[in-house]
Amino acid sequence: MIRKIQHIGVAVRKLDDAIPFYRDVLGLEFAGIEEVAEQKIRAAVFRVGESAIEVIESTSPDGPVGKFIEKNGEGIHHVCFQVEDAAAALAHAKEKGVRLIDETPRTGVHGMRIGFLHPKSTFGVLTEFAQEEDEHA
Ligand code: CO
């Protein structure tokens, strides 16, 4: 069901400060910036082979990433697994007793259908499932 690590999400205070590290120091391919208003974030995506690093800044202190940084500081925020069917993956996790943040998939970065599992149920790692738009379209 899980195909690969789609991306790792990294929370930063300021995207503009973090982009040069990923682009110029690590030399990763910069795939652009996207705003997801619903999650109160802006994300810069860098490709790493078949996976990516999603560098995220909060557009509001009361957004989920703003709160995360306030509590934990900058750093790894979540791990995202690519799945064939995000709704089915969430349902499967719930059936296995995992607490969900999203009961049903919503739209995330790059129009992917995404949903999160609660870190209290996943040994401290905020876990995301993402279904790319070309699948089950
Ligand atoms: Co993500």
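Select Phe21 to begin: in this predicted model, Phe21 has a relative accessibility of 40%, and therefore counts as partly exposed. Now add Tyr22 to the selection, which is buried, with a relative accessible area of 12%. A search of the whole structure finds 3 aromatic pairs. In the pair made by Phe21 and Tyr22, the ring centres are 5.0 Å apart and the planes stand at 80°, so this pair is edge-to-face. If you then select Phe30 and Phe46 as well, you have the cluster in which ring pairs link Phe21, Tyr22, Phe30 and Phe46.

**Helix H1**

Next, select helix H1, which is made of residues 15-25, and colour its buried residues, namely Leu15, Ala18, Ile19 and Tyr22. Around the helix axis these buried residues cover an arc of only 110°, which means that they sit on the same side of H1. Turn to the other side of H1, and you will find Asp16, Asp17, Asp24 and Val25, which are exposed. What do the buried residues of H1 pack against? Show S1, strand S2 (29-36), strand S3 (41-48) and S4 together with the helix, and you have the elements against which the buried residues of H1 pack. Before leaving this part of the chain, select Gly27, which follows H1 and has a positive phi, near 70°.

**The cobalt ion**

Select the cobalt ion now, and with it His7, Glu54, His78 and Glu128, which are its protein donors. The donor atoms to look for are NE2 in His7 and His78 and OE in Glu54 and Glu128, and they lie 2.0 to 2.6 Å from the ion. The angles among the 4 donor atoms run from 87 to 174°, and the site of the cobalt ion is irregular. Along the chain, the donors follow the spacing H-x46-E-x23-H-x49-E. One pair of donors links distant parts of the chain, with His7 in strand S1 (residues 2-11) and Glu54 in strand S4, 47 residues apart. Are these two residues buried or exposed? Both His7 and Glu54 are buried.

**Helix H3**

Move on to helix H3, residues 86-95, and colour Ala86, Ala89, Leu90 and Ala93, which are the buried residues of this helix. If you look down the axis of H3, these buried residues fall within an arc of 100°, so they line one face of the helix. Strand S5 (75-83), strand S7 (113-117) and strand S8 (127-131) are the elements against which the buried residues of H3 pack. Which residue caps the N-terminal end of H3? Select Asp85, which does so with a side-chain oxygen that lies 3.1 Å from the backbone nitrogen of Ala87. After H3 comes Gly97, whose phi is positive, near 95°.

**Two loop residues**

For the next stop, select Gln39, which has its place in the loop between S2 and S3. Although Gln39 belongs to a loop, this residue is buried, with a relative accessible area of 13%. To see what surrounds Gln39, leave aside its neighbours within four places in sequence, and show Pro64, Arg106, Thr107, Gly108, Ile114 and Phe116, with which Gln39 is in contact.

Then select Ser60, which lies in the loop between strand S4 (51-58) and helix H2 (64-72). Why does Ser60 count as buried? Its relative accessible area is 16%, and buried means under 20%, so Ser60 is buried. Once its neighbours within four places in sequence are set aside, Ser60 is in contact with Lys40 and Gly66. Add Asp62 to the view, and look for the polar contact of 2.3 Å that joins the side chains of Ser60 and Asp62. With Ile41 also shown, a distance drawn from C-alpha to C-alpha gives 7.7 Å between Ser60 and Ile41, which are 19 residues apart in sequence.

**Last stop: Glu70**

Finally, select Glu70, which lies in helix H2. Is Glu70 buried or exposed? With a relative accessible area of 68%, Glu70 is exposed. Select Arg13 too, and compare sequence with space: Glu70 and Arg13 are 57 residues apart along the chain, while their C-alpha atoms are separated by 9.6 Å.

Notes: Residues numbered from 1 in each chain as written. Heavy atoms only, no water. Helix = DSSP H or I, 4+ residues; strand = E, 2+ residues; numbered from the N terminus. Buried < 20%, exposed > 50% of the residue type's maximum accessible area, 1.4 Å probe, protein only. Contact = heavy atoms within 4.5 Å. Phe/Tyr/Trp six-rings, centres within 6.5 Å; stacked < 30°, edge-to-face > 60°. Donors = N, O, S within 2.8 Å, 3.2 Å for Na, K, Ca; no water. Tetrahedral: all angles 85-135°; square planar, octahedral: opposite > 155°, others 65-115°. Arc of directions from axis to C-beta. Polar contact = N/O pair within 3.5 Å; in protein donor to acceptor, adjacent residues only side chain to side chain.
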